Amino acid sequence: MKILHTSDWHLGRTLYGRKRYEEFEAFLKWLAKTIQHERVDVLLVAGDVFDTSAPSNRAQELYYRFLCAVAASSCHHVVVIAGNHDSPSFLNAPRELLKVLNVHVVGALAEVISDEVLVLHAEGGIPELIVCAVPYLRDRDIRVAEAGESIEDKERKLIEGIRDHYAAATAIAEAQRLALGVDIPIVAMGHLFAAGGQTVDGDGVRDLYVGSLAQVTAAIFPDSLDYLALGHLHVPQKVGGSERRRYSGSPIPMGFGEAKQAKSVCMVDFDHAEPTVQMLPVPVFQRLERVKGDWPAISARILEISATYPQAWLEVVYEGAEVISDLRDRLDKATANSDLEILRITNNRIVDRVLGQIHDEEMLDDLSVDEVFARCLTAHQVPEDQRPELLRAYQETIASLQQNDARAE
């Protein structure tokens with residue numbers, strides 16, 4: 001049996017105002033062909049199907065068209081869980097209809113945990129796989145707030161809540177396997193930030209929980225799981241060094257920080273005593289290039305790119321010592337005879353001059369929301385001993401805003 005694990009499609013995402021539907025469509029067509037060619041039995045999509053809780057009609061069209069294509073292939077089942085970008089209610093809305101296509105959607109924490117444990121059957125009704133389809137777990141889903149509790153209490157409760165949820169789902173799966181009397185694999189899915197996870201500049205990954213709660217250790221997942229399919233981090237990577245616990249990563253670069261990153265999906269083969277995992281490289285559908293340096297370096301690199309990738313999108317970061325006031329004009333001339341498109345220009349020398357070089361080579365875009373808040377505390381001369389609690393309250397407010405489901409009403 002073969003499982004294909006992917007996540008973090010972020011359908012509908014834009015890049016500095018440019019729509020990327022052609023890119024998303026190319027990826028989904030490639031994925032459907034790969035599923036057919038590799039004769040994949042089960043597809044796992046570990047969250048962040050869409051980039052926003054209110055996806056556009058075009059993004060929805062791409063999603064449903066892809067599901068129909070996979071349903072007509074050799075793939076027996078598709079399992080989709082919600083990520084922190086997805087609207088739980090939006091994903092769940094058509095799930096009863098999608099079941100006809102053997103597409104199983106878990107958009108929100110189930111009222112009964114057993115509803116998240118799916119026994120998947122091959123043709124002929126033979127059970128072939130059990131999936132613990134755990135969606136993105138929000139703080140309010142698994143932790144009851146109590147008056148007077150400390151920050152440490154909140155952290156402990158959240159970690160315990162996540163651990164207990166996976167333990168309960170896995171125990172149900174093991175009991176179902178025992179009742180079936182068939183030794184079939186148990187796979188768990190999730191959308192969270194595992195400790196030690198690697199991110200890259202500009203990948204758009206938001207902290208899921210407040211402070212240290214953003215990272216849970218690999219130890220929270222039961223050892224009995226045959227494979228763990230995670231989403232949220234855009235860099236393909238193992239969890240705790242285990243071959244059978246992985247992030248598939250995003251299939252296309254979500255920003256220029258991911259431009260040099262090799263994208264892939266995970267192919268898991270259970271035809272052996274131990275499951276084997278192969279990373280299938282995803283083709284580059286739209287070249288992204290970040291060009292940095294002084295003017296000679298930038299102009300030379302643009303010339304090189306135009307000869308190699310004639311339809312690339314560029315981010316230009318000028319870092320030369322000379323103050324160039326006509327950088328835009330120079331770049332327009334450098335790309336005039338090509339199909340290169342510059343989506344963003346950062347002229348650090350002009351920024352430094354305007355800001356009086358308060359912070360060398362620094363822009364607002366380069367700061368996280370926490371760093372901006374910390375600067376505000378400094379500007380208003382808030383005492384150091386008061387800052388940690390104020391920062392924590394601010395982070396909780398931001399997390400609450402990010403977790404609101406715009407479609408829930």
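A polar contact is taken here as a pair of N or O atoms within 3.5 Å, one able to donate a hydrogen and the other to accept it. In the predicted model, such a contact is found at the N-terminal end of helix H7, where Asp-294 acts as the cap, one of its side-chain oxygens lying 3.0 Å from the backbone nitrogen of Ala-297. The helix that follows this cap comprises the 14 residues 295-308, for which a rise of 1.5 Å a residue predicts a span of 20 Å, and the end C-alpha atoms are indeed 20 Å apart, in agreement with that expectation. Within H7, the residues Trp-295, Ile-298, Ile-302 and Ile-305 are buried. Viewed down the helix axis, these buried residues fall within an arc of 95°, so they line one face of H7. The face turned away from that buried side carries Pro-296, Leu-303 and Ala-307, which are exposed. The elements that cover the buried residues of H7 include strand E15 (288-293), strand E16 (313-318) and helix H8 (327-334). The ring of Trp-295 also has a charged residue over its face, Arg-330 being placed at 5.5 Å from the ring centre.

The setting of this helix is a chain of 409 residues, of which 51% count as buried, and whose secondary structure comes to eleven helices and 17 strands. Among the contacts with a separation of 6 or more, 71% are accounted for by residues 24 or more positions apart in the chain.

Helix H1 (residues 21-37) has 17 residues, and the distance from its first C-alpha to its last is 24 Å, close to the 24 Å expected at 1.5 Å a residue. The buried residues of H1 include the aromatic residues Tyr-21, Phe-24, Phe-27 and Trp-30, together with Leu-28, Leu-31 and Ile-35 as well as Glu-23 and Glu-25. Two residues of this helix take part in an aromatic cluster, which is formed by Trp-9, Phe-27, Trp-30 and Phe-66. H1 is followed by Arg-39, a residue with a positive phi, near 55°.

Aromatic contacts occur elsewhere in the model as well, the structure holding nine aromatic pairs. In one of them, Tyr-63 and Tyr-64 are tilted with respect to each other, with 4.9 Å centre to centre and 55° between the planes. Of these two residues, Tyr-63 counts as buried at 2% relative accessibility, whereas Tyr-64, with a relative accessible area of 26%, is partly exposed. A second pair, that of Tyr-166 and Phe-221, is edge-to-face, with 5.0 Å centre to centre and 85° between the planes. This pair links distant parts of the chain, since Tyr-166 belongs to helix H6 (residues 151-180) and Phe-221 to the loop between strand E9 (186-191) and strand E10 (227-231), 55 residues apart. Tyr-166 counts as buried at 1% relative accessibility, and Phe-221 likewise counts as buried, at 2%. An aromatic ring also receives a charge at Tyr-309, where the charged end of Arg-287 sits over the ring, 3.9 Å from its centre.

Contacts between strands can be followed from Leu-280, which is found in strand E14 (residues 276-281) and counts as buried at 9% relative accessibility. Apart from neighbours within four places in sequence, Leu-280 is in contact with Thr-34, Glu-38, Lys-263, Ser-264, Val-265 and Met-267. The C-alpha atoms of Leu-280 and Lys-263 are separated by 8.5 Å, the two residues being 17 residues apart along the chain. Ser-264, for its part, lies in strand E13 (residues 264-269) and counts as buried at 7% relative accessibility. When residues up to four places away in sequence are not counted, Ser-264 touches Pro-236, Ser-248, Gly-249, Met-279, Leu-280, Pro-281 and Val-282.

Backbone conformation was also examined. Most residues other than glycine have a negative phi. Asp-8, although not a glycine, has a positive phi of about 55°, and is located in the loop between strand E1 (2-6) and strand E2 (14-15). With a relative accessible area of 0%, Asp-8 is buried. Tyr-16 likewise has a positive phi, near 50°, and is placed in the loop between E2 and strand E3 (18-19). Tyr-16 is partly exposed, its relative accessible area being 44%.

Notes
Residues numbered from 1 in each chain as written. Predicted model: local features only at pLDDT ≥ 70, side-chain atom pairs only at ≥ 80, totals over all residues. Heavy atoms only, no water. Helix = DSSP H or I, 4+ residues; strand = E, 2+ residues; numbered from the N terminus. Expected span 1.5 Å × (residues − 1). Buried < 20%, exposed > 50% of the residue type's maximum accessible area, 1.4 Å probe, protein only. Arc of directions from axis to C-beta. Contact = heavy atoms within 4.5 Å. Phe/Tyr/Trp six-rings, centres within 6.5 Å; stacked < 30°, edge-to-face > 60°. Lys NZ or Arg CZ within 6 Å of the ring centre and 35° of its normal.
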